[in-house]
Amino acid sequence: MSAGLTAPKGTFDTLPPDSARFLAVRDTLTAPLRRAGYGYVETPVFEETAVFSRGVGESTDVVTKEMYTFADRGGRSLTLRPELTAGLMRAFIEHRLHDGALPVKLWTVGSAFRYERPQAGRYRHFTQVDMEALGTDDPALDAEVVALGVQGFRDLGLTDFELLLTSLGDATCRPQYRELLVAYLDKLDLDEETRRRAAINPLRVLDDKRPEVQAQLDDAPLMVDHLSDTTRAHYDAVRQHLTDLGVPWTEAPRLVRGLDYYTKTTFEFVHSGLGAQSAIGGGGRYDGLSAALGGPDVSGIGYAVGVDRTLLAVQAEGLDIGATAGVQAFVVPLGAEAKRLAVRLVGQLRQAGVAADTVYGDRGLKGAMKAADRSGATHVVVVGERDLAEGVGQLKDMRTGEQHAVPVGELFQRLRESVGE
Ligand code: AMP
């Protein structure tokens with residue numbers, strides 16, 4: 001290997017033993033989805049660029065500044081996915097999943113790529129769990145989606161997180177509100193770039209974090225104060241269901257999220273232990289997204305949760321998760337003949353579903369016992385030359401230190417039973 005090669009700026013490697021925690025977080029976040037009847041989908045990590053420019057929105061930072069876009073050798077413009085929703089929607093439309101029973105409930109997990117300025121919790125390559133419930137705008141479904149996100153965090157043992165919730169209205173009330181907001185923004189002192197963004201989606205200005213912009217927004221009109229009767233009723237029903245589900249929330253009337261197509265229910269999960277990058281997940285209803293991607297006019301709601309940031313939240317709360325990855329049984333052979341027995345025994349155990357390992361290379365008894373210790377195994381078999389001559393192996397329970405001789409022919413069975421205790 002040539003010297004000096006490192007992971008690209010803004011990316012990192014996840015190595016054992018920490019990787020066990022990453023897997024535990026990823027799997028815990030997806031378990032509630034599997035239990036609620038969501039089906040797994042896998043889509044490519046790159047898509048035609050239009051999937052994102054249309055599916056994420058032309059006014060967003062993601063599309064204007066952060067996409068990894070390249071021409072492939074056939075001259076097609078492709079983009080590494082900056083988020084997972086647009087690709088899922090593309091697949092939903094392409095495979096006409098809307099022709100089946102509704103809602104269609106889907107989830108996926110995988111890499112996302114954004115050319116962002118790296119900092120703690122913000123990377124250029126990260127992992128998202130993404131879920132979507134498509135084809136129905138029943139407020140009970142909104143509540144289900146939000147509650148499943150909360151469940152994943154709760155199952156990890158997290159407590160210092162908050163659900164921010166609002167409604168962004170829909171086509172019946174957003175245009176009127178938009179006019180009010182545009183009129184308000186017109187009177188403010190904003191730079192050209194902000195004005196350009198405001199022209200595409202004025203709501204995004206509300207979300208501008210710069211103090212000089214925020215200072216001018218104190219009296220800005222808010223969508224929640226201008227909802228139509230139907231969208232207000234929808235939002236009220238969502239909140240009623242959330243109350244029934246025991247999910248608390250904080251009203252966040254200035255919350256605006258990445259997609260330009262969000263409508264009605266919109267939410268974000270924030271964690272107090274993460275500093276500036278406090279969002280561990282977010283989502284909402286995007287009743288115009290399918291149509292924006294050339295599909296039928298179906299509604300949808302979903303969320304994306306950042307696995308890396310959730311892992312940081314888990315660490316910030318000092319939770320002990322997935323730390324005990326390792327094997328259950330470990331075999332220490334001393335001598336060539338014992339080695340054959342060890343390889344066979346480990347093979348048999350693994351076939352039987354027992355996590356097992358042995359030492360490789362010439363480690364000597366001391367080094368081998370150290371490896372056995374580090375492996376996390378509760379049961380260790382040591383087979384020395386004298387043991388073999390007597391037809392036994394020494395089975396040691398690492399938790400109690402108890403050790404006794406077991407006939408070679410019974411080792412497999414005894415180990416299998418012991419690790420199950
Ligand atoms: P977004 O699609 O921007 O709402 O992102 C959804 C979630 O993905 C966020 O709440 C974060 O947890 C995570 N996320 C977004 N961007 C990054 C990034 N650059 N690095 C790490 N996690 C991210």
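Modeller: Before we start: a strand here is a DSSP run of E with at least two residues, and strands are numbered from the N terminus. Also, this is a predicted model.

Biologist: Okay, which strands each supply at least two residues of the shell around the ligand?

Modeller: That would be β6 (125-134), β10 (279-285) and β11 (300-306). The biggest giver is β10, with three residues.

Biologist: How many residues surround the ligand, and which are the closest?

Modeller: The ligand has 14 residues around it, and Arg114, Glu116, Tyr123, Arg257 and Gly281 are the closest. Sorted by class, five of the shell residues are nonpolar, four are polar and five are charged.

Biologist: What makes the pairing of Arg114 with the ligand a polar contact?

Modeller: An N or O atom in the Arg114 side chain sits 2.9 Å from an oxygen atom of the ligand. The cut-off for a pair of N or O atoms is within 3.5 Å, so that pair qualifies.

Biologist: What do Glu116 and Tyr123 do with the ligand's nitrogen atoms?

Modeller: Glu116 places a polar side-chain atom 2.6 Å from a nitrogen atom of the ligand. With Tyr123, a polar backbone atom is 2.8 Å from a ligand nitrogen. As for cover, the ligand has 480 Å² of accessible area on its own, and the protein covers 90% of that.

Biologist: Which residues does UniProt list for "binding site"?

Modeller: The unreviewed UniProt entry lists several, among them Arg114, Arg257, Tyr261 and Tyr262.

Biologist: Let's take the two tyrosines. Why is Tyr262 called buried?

Modeller: Its relative accessible area is 6%. Buried means under 20%, so Tyr262 gets that label. Tyr262 is in the loop between β8 and β9, and its contacts include Leu168, Arg174 and Arg257.

Biologist: And why does Tyr261 count as partly exposed?

Modeller: Tyr261 has a relative accessible area of 27%. Buried needs under 20% and exposed needs over 50%, so 27% lands in between. Tyr261 is placed in the loop between β8 (250-251) and β9 (263-271), and among the residues Tyr261 touches are Arg54, Asp287 and Leu289.

Biologist: One more: how do you know that Thr231 is buried?

Modeller: Thr231 comes out at 0% relative accessibility; the limit is under 20%, so Thr231 is buried. Thr231 lies in helix α10 (residues 229-244), and its side chain joins that of Ser228 in a polar contact of 2.9 Å. Thr231 also touches Gly169, Asp170, Thr172, Cys173 and Lys264.

Notes. Residues are numbered from 1 along each chain as its sequence is written. This is a predicted model: local features need pLDDT of at least 70, side-chain atom pairs count only at pLDDT 80 or more; totals for chains, interfaces and linings use all residues. Side-chain values use heavy atoms; hydrogens and water are left out. A residue is near a molecule or strand if one of its heavy atoms lies within 4 Å of it. A polar contact is a pair of N or O atoms within 3.5 Å; within protein, one must be able to donate a hydrogen and the other to accept it, and residues adjacent in sequence count only if both atoms are side-chain atoms. Accessible areas come from the Shrake-Rupley method with a 1.4 Å probe; for residues, only the protein chains shown count as cover. Helices (H or I, at least four residues) and strands (E, at least two) are DSSP runs, numbered from the N terminus. Ala, Val, Leu, Ile, Met, Phe, Trp, Tyr, Cys and Pro count as nonpolar, Asp, Glu, Lys and Arg as charged, and the others, Gly among them, as polar. UniProt positions are given in the numbering used here, feature names are shortened, and annotations may be inferred rather than shown by experiment. Buried means under 20% relative accessible area, exposed over 50%, partly exposed in between (1.4 Å probe, protein chains only). Contact means heavy atoms within 4.5 Å. Lists of a residue's contacts leave out its neighbours within four places in sequence.
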